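Here is a short tour of a protein chain for anyone who likes to read a fold with the viewer open. Please load the structure and follow along.

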Amino acid sequence: MNRRLFLFGSAAAVTTLAAVGLSGRKIASAAFDPLKVTTTYGHDLVPATIEKIEKTVEEWKAVLTPDQFAVLREEATERPFTSPLNNEKRTGTFHCAGCDLPLYRSETKYDSGTGWPSFYEAIKDTVGTKIDYSYFGIPRTEVHCARCGGHQGHIFNDGPQPTGNRHCINGIALTFHPDAGSGNVESESG
Ligand SMILES: [Zn+2]
């Protein structure tokens, strides 16, 4: 499963992996399990089958803002403390801004102090990872939507229990959908 999701990354990412080889990937991923899931939050929201969505660059540019395109399709990183989702405290689900697949539940969100929305786990089977060497050659675990491949952010092993993982996500790559009927008020964003 992981391998399949991994290969689902961009052609450039696959090329990078091929150049690095399998040994580097194993060393980097042996330290922790980036897709560890310990709760059932959001499992009921996952489609029975997650069919890949593929679009051309032009098609993506037609449906995404330039900033969303830069993050989701070109793996740019938003500036910290710029996303209104940093302060989103309501109960609900964070969806992929590219294809609307539910990726994170509010129960797993926490304040990491980094300036990016942070979660200790993704909803089961909704994200994939690959090793990313773009940061001074230091291996990092990139995380992306399992359906459209949209880049979300990175996963680090300094998060809180119960997983010990920190999914450091670009807020612009997510949209928030508050739960209905749980006391949430659909107020204007802010
Ligand atoms: Zn997606």
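## A hairpin and its sheet

Let us start at a cross-strand pair: histidine 95 stands opposite proline 102 in β2. Keep in mind that this is a predicted model. Strands β1 and β2 pair in the antiparallel sense, with three bridges between them. Together they form a hairpin with five residues in between. One residue to check in that turn is aspartate 100, which has a positive phi of about 75°.

On the β9 side, histidine 95 has threonine 175 as its bridge partner. Strand β1 covers residues 92-96 and is joined to β9 by five bridges, again antiparallel. The result is an open sheet of three strands in the order β2-β1-β9. Its edge strands are β2 (102-105) and β9 (174-178), each of which pairs on one side only. On average, neighbouring strands of this sheet are turned by 30° against each other, direction ignored.

## The six-stranded sheet

A further open sheet has six strands, ordered β3-β4-β8-β7-β6-β5, with antiparallel pairing. Here the edges are β3 (109-110) and β5 (127-135), and each of these pairs on one side only.

Within this sheet, β6 and β7 run antiparallel and are joined by four bridges. If you would like a residue pair to centre your view on, histidine 144 has histidine 151 in β7 as its bridge partner.

## The chain as a whole

How are the elements of the protein chain arranged from the N terminus on? They run α-α-α-α-α-β-β-β-β-β-β-β-β-β, which comprises five helices and nine strands.

Contacts in the protein chain reach across the sequence: among those between residues at least 6 apart, 66% join residues at least 24 apart. Of the 190 residues, 36% count as buried.

## The nonpolar core

Which residues of the largest nonpolar core touch the most other members? They are Leu103, Val127, Cys145 and Ala173, out of 28 residues in that core. Several elements each supply at least two residues to this core: α5 (66-74), β1, β2, β6 (138-145) and β8 (166-169). As general background, nonpolar side chains in soluble globular proteins tend to be buried together.

Cysteine 145 is a good place to look around. Leaving aside neighbours within four places in sequence, cysteine 145 is in contact with Cys96, Gly98, Cys99, Leu101, Leu103, Val127, Gly150 and Gln152. Two of the core residues named above, Leu103 and Val127, are in that list.

## Helix α5 and the loop after it

In α5, the buried residues are Gln68, Val71 and Leu72. They lie on the same side of α5, because they cover an arc of only 85° around the axis. What covers these buried residues includes β7 (151-156). Turn the helix around, and the face directed away from the buried side carries the exposed residues Pro66 and Glu74. Just after α5 comes glutamate 75, with a positive phi near 60°.

The loop between α5 and β1 contains asparagine 87. Is asparagine 87 buried or exposed? Asparagine 87 is exposed, because it has 11 other C-beta atoms within 10 Å, and a residue counts as exposed at 12 or fewer. Asparagine 87 and proline 117 are 30 residues apart in sequence, while their C-alpha atoms are 8.2 Å apart in space.

Key
Residues numbered from 1 in each chain as written. Predicted model: local features only at pLDDT ≥ 70, side-chain atom pairs only at ≥ 80, totals over all residues. Pairing = 2+ DSSP bridges. Axes fitted to C-alpha atoms, helices over the stretch in contact; angles between N-to-C directions. Buried ≥ 20, exposed ≤ 12 C-beta atoms within 10 Å, placed from the backbone. Contact = placed C-beta atoms within 7 Å. Core = buried A, V, L, I, M, F, W, Y, C linked by C-beta atoms within 7 Å. Arc of directions from axis to C-beta.
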